[in-house]
Amino acid sequence: MKIATFNINGIKARAEALPRWLDEAQPDVVLLQEIKSVDENFPREIFEERGYNVETHGQKSFNGVAILSKLPLEDVSRGLPGDDEDEQARWIEATVIGKQALRICGLYLPNGNPVPGPKYDYKLAWMERLYHRARELMASEEPALMAGDYNIIPQAEDAARPDAWREDALFRPESRAAFRKILNLGFTEAFRARTQGPGHYSFWDYQAGAWNKNDGIRIDHFLLTPQAADLMQDCQIDAAVRGHEKPSDHVPVWVQLDL
DNA sequence: ATGCCTCCCCGAGGGAGA
């Protein structure tokens, strides 16, 4: 089973590039971030005619997450628990029924800039809520994963120019510590379990020719419970997608699981 | 680089992103 995460930066803007990538990459499941659409306006037909079940958790203009799945989805849940006041659509989870059940969680973690400020406070509070959900998934002792745009640069080697990010919410020590606190529950960061060293990125800014200079950062991640990590056969970043026509600023990251 | 693009709102130009 091939499962991908992809921050598409607007479903309307990606109405051609996203299906093109689906047809070529043939993922079974896709976790989408930044659909920037309300549920009613999400173009489900584009995906349903390709055999995907579609579950969305959108809002007007900003954020918004969704799941596309060629396999049946059960027990869909929207919104990260822990704050009933939180209006931002950044979390969706469901169970995919393959050879065995897999719980999948799609997330769009807050950017957090500028630092300091209310947006950074929100980021750290959101990560604390994420920690609690992560601990429940770990306690279930079942195959599960949390994937999406974490807006976290885990290590200096995950940025082409780490010094440019030192004071940024994506690379601040508090942000990285909150990410490690979740990892240290026992999750496997799928990409780093298979590929070491610098030069692997999942985001390149639209500005200043970042893609042509390979001035990127790696901020889209898969975290697997031990039971899911046991099933991992591959994890790759589809970096070439950044060079396609009318690209998102992020590219897809995917795992192959023996499911 | 406290913003060089691109997205969203819509029908101008400002907020947000990372």
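Trainee: Which residue classes make up the surface near DNA strand B, and how many of them are polar?
Mentor: This is a predicted model, where local features need pLDDT of at least 70, side-chain atom pairs count only at pLDDT 80 or more, and totals for chains, interfaces and linings use all residues. Residues are numbered from 1 along each chain as its sequence is written, while chains are lettered from A and ligands numbered from 1 in the order in which they are written. Ala, Val, Leu, Ile, Met, Phe, Trp, Tyr, Cys and Pro count as nonpolar, Asp, Glu, Lys and Arg as charged, and the others, Gly among them, as polar. Near DNA strand B the surface has 6 nonpolar residues, 6 charged and, for polar, 8.

Trainee: How many residues surround DNA strand B?
Mentor: A residue is near if its C-beta atom, placed from the backbone, lies within 6 Å of the strand. Among the closest are Gly10, Lys12 and Tyr206. The total is 20.

Trainee: Which strands stand at the edges of the sheet β3-β4-β2-β1-β14-β13?
Mentor: Strands are DSSP runs (E, at least two residues), numbered from the N terminus. Two of them pair if DSSP finds at least two bridges between them. This open sheet has 6 strands with mixed pairing. Each edge strand has a single partner, so one side is left without a neighbour in the sheet: β3 (53-57) and β13 (232-237).

Trainee: Which residue in β2 stands opposite Phe6?
Mentor: Strand β1 (residues 2-7) pairs with strand β2 (residues 29-33) in the parallel sense, over 5 bridges. Opposite Phe6 in β2 stands Leu32.

Trainee: How many bridges join β7 to β8?
Mentor: β7 (residues 101-108) and β8 (residues 144-149) run parallel. Arg103 stands opposite Ala144 in β8. The bridges number 6.

Technical notes: Helix = DSSP H or I, 4+ residues; strand = E, 2+ residues; numbered from the N terminus.
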